[in-house]
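Please open the model in your viewer and keep the sequence panel beside it, since each stop of this tour begins with a selection to make.

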Amino acid sequence: MSSSSSSILTEFSGRSGQILERLNTLYPALIDLSLDRLKRLLNDLGNPQQKMPPIIHVAGTNGKGSTCAFLRAIGEEAGLKVHVSTSPHLVDVTERFRIAGELVSENELSEVLMEIERVNNQQPITVFEVLTAAAFVLFSKNRADLAIIEVGLGGRFDATNVITPMISIITSISMDHEAFLGANLAKIAHEKAGIIKENIPVIVDQQKPEALRVIKEVAQSLNAPCLIKNQDWSIIPTETKLFYKDAKGELELPLPSLLGEHQFRNAGLAITALRTSQLPIPDHAYQGIAKAVWPARLQRLYGQLINLVPSDCEIWLDGGHNPDAGQVLAQMIQKKWQDKPLHLIVGMKDNKNVREYLAPLIPLSASIQAVMEPDQHLAMPITEIIKASDNYAISGGTVKEALSVIKKQATSPVRILICGSLYLAGSVLKQDQ
């Protein structure tokens, strides 16, 4: 791939945003799909990635962020200090860096970014590589018992893949980012499996056969123990509890705080990883899954936007954005949300498979309005969303305009779901403050 420049960084702001905008001008003319640029920068910074606490590295298509949230919640319930690096952010870049439980301050992040800018000395680099280096610098400077690192894209050539973790996790794999990762599930799985390291355990969600086959082959070639859902561990829900089981025994746990049956699997991945680690996690700490927080994943909104609709209406937000996420949403709607009409407000990133995302949701919705916020990064045009819905969707303009249409038309309590993009979710959360 080659690129003469990258897009304007509309998703960053403040002092740190100004530094990142300067660094963005150094975007390499040729993207060589190697980690050499970042390794050079990290070496010049003193290799902070080698001075961090024990690491859990999380890759996959869907569920990475939620799994990180469960890992953190369990770790903190056990009394551990936990660093977390995730992407993208929703409202502010500081969300990407949690240091010993607390979000990094704008000042501390800006200081680290300025140091990276100075050390990089005008050499080619990408913004994600800079942000990854910033996480490693921040995490090496501050004491903690555990560092959780989420992959940005893929795994094999992802900037985070310069670390040596104590445990790797591969969440659910499905079709997404095909232009970068490959046109079929086996190729995508090969990229995700690139985080597997020699002799280091990898915890794996239940996968489609072609994906699982690739993961197992890579793990075997590296002598990495591979613990797979429903083979080496299981998690079974009832109406009120979760029952977890592995070779070490059983746990009876509360339901996770994050909604949707897919979150049982993500909680199971986190539990298995921590039970496989050498960290001091008492059994009671796994109850922490009921305290996990992860914005824009079936999150109910109670802020400013609720004032734009009748008081008996609910507004929910979900940032899922690929066909698998659409299927997961549809399953949840069918099981839990049949009590009142559901109106969707949908905005997408411009390179997403909107047709397959919407297909399972159309039959379950009373209406769909396609929207695009002025500050929505890389937004898909409204006309494209309408076309992909075979003209079932109508133009809603912006989220606030779409909410006003629902308010005018609602004659009974309704549920509203704003969905389709993490970038849309970030814009919505800003407006809801």
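Select Asp205 first; in this predicted model its relative accessibility is 0%, so Asp205 counts as buried. Now add Arg265 to the selection and display both side chains, which meet in a salt bridge with an N to O distance of 2.9 Å. Asp205 sits in the loop between strand 7 (202–204) and helix 8 (209–221), whereas Arg265 belongs to helix 9 (residues 262–276), so this pair ties together parts that are 60 residues apart in sequence. The partner is not enclosed to that degree, because Arg265, at 25% relative accessibility, falls in the partly exposed class.

Stay on helix 9 and move along to Arg275, which is located in that helix. Which side chains does Arg275 meet in salt bridges? One of them is Asp246, at 2.7 Å from N to O, and another is Asp283, at 3.9 Å from N to O. The cut-off for a salt bridge is 4 Å, so the pair at 3.9 Å is counted. Asp246 lies in strand 10 (residues 241–246), and its pairing with Arg275 links parts of the chain that are 29 residues apart. Colouring these residues by accessibility is instructive: Arg275 has a relative accessible area of 10% and is therefore buried, Asp246 is likewise classed as buried at 14%, while Asp283, at 46%, counts as partly exposed.

The next selection is a group, made up of Glu314, Asp339, Lys340 and Arg415, which are linked in a network of salt bridges. For the structure as a whole, the count of salt bridges comes to 18.

Now turn to a pair of helices, selecting residues 14–24 for helix 1 and residues 127–141 for helix 5. How are their axes arranged where they pack? The axes are 9 Å apart and meet at an angle of about 130°, which means that helix 1 is oblique to helix 5. To see the contact itself, show Leu20, Leu23 and Asn24 on helix 1 together with Val127, Val130 and Leu131 on helix 5. Sorted by class, this contact has 5 nonpolar residues and 1 polar residue, with no charged residues.

From helix 1, follow the chain into the loop that leads to helix 2 (36–44), where Ser34 is found. Ser34 has a relative accessibility of 18%, and since buried means under 20%, Ser34 is counted as buried. Display its side chain along with the backbone of Asp36, for a polar atom of the Ser34 side chain lies 3.3 Å from the backbone nitrogen of Asp36.

Two further stops concern single residues, and the first to select is Ala359, in the loop between helix 11 (354–358) and strand 15 (367–371). Is Ala359 buried, partly exposed or exposed? Its relative accessibility is 45%, so Ala359 counts as partly exposed. Add Gln327, which is 32 residues away along the chain, and the C-alpha atoms of the two prove to be separated by 8.6 Å.

Finally, select Gly426, placed in helix 14 (residues 422–432). With a relative accessible area of 1%, Gly426 is buried. Leaving aside residues up to four places away in sequence, Gly426 touches Leu90 and Val91, so these two are worth adding to the display. Ile394 is 32 residues from Gly426 along the chain, and here the C-alpha atoms are separated by 22 Å.

Notes: Residues numbered from 1 in each chain as written. Predicted model: local features only at pLDDT ≥ 70, side-chain atom pairs only at ≥ 80, totals over all residues. Heavy atoms only, no water. Helix = DSSP H or I, 4+ residues; strand = E, 2+ residues; numbered from the N terminus. Buried < 20%, exposed > 50% of the residue type's maximum accessible area, 1.4 Å probe, protein only. Axes fitted to C-alpha atoms, helices over the stretch in contact; angles between N-to-C directions. Parallel < 35°, antiparallel > 145°, perpendicular 65-115°, else oblique. Contact = heavy atoms within 4.5 Å. Nonpolar A, V, L, I, M, F, W, Y, C, P; charged D, E, K, R; others polar. Polar contact = N/O pair within 3.5 Å; in protein donor to acceptor, adjacent residues only side chain to side chain.
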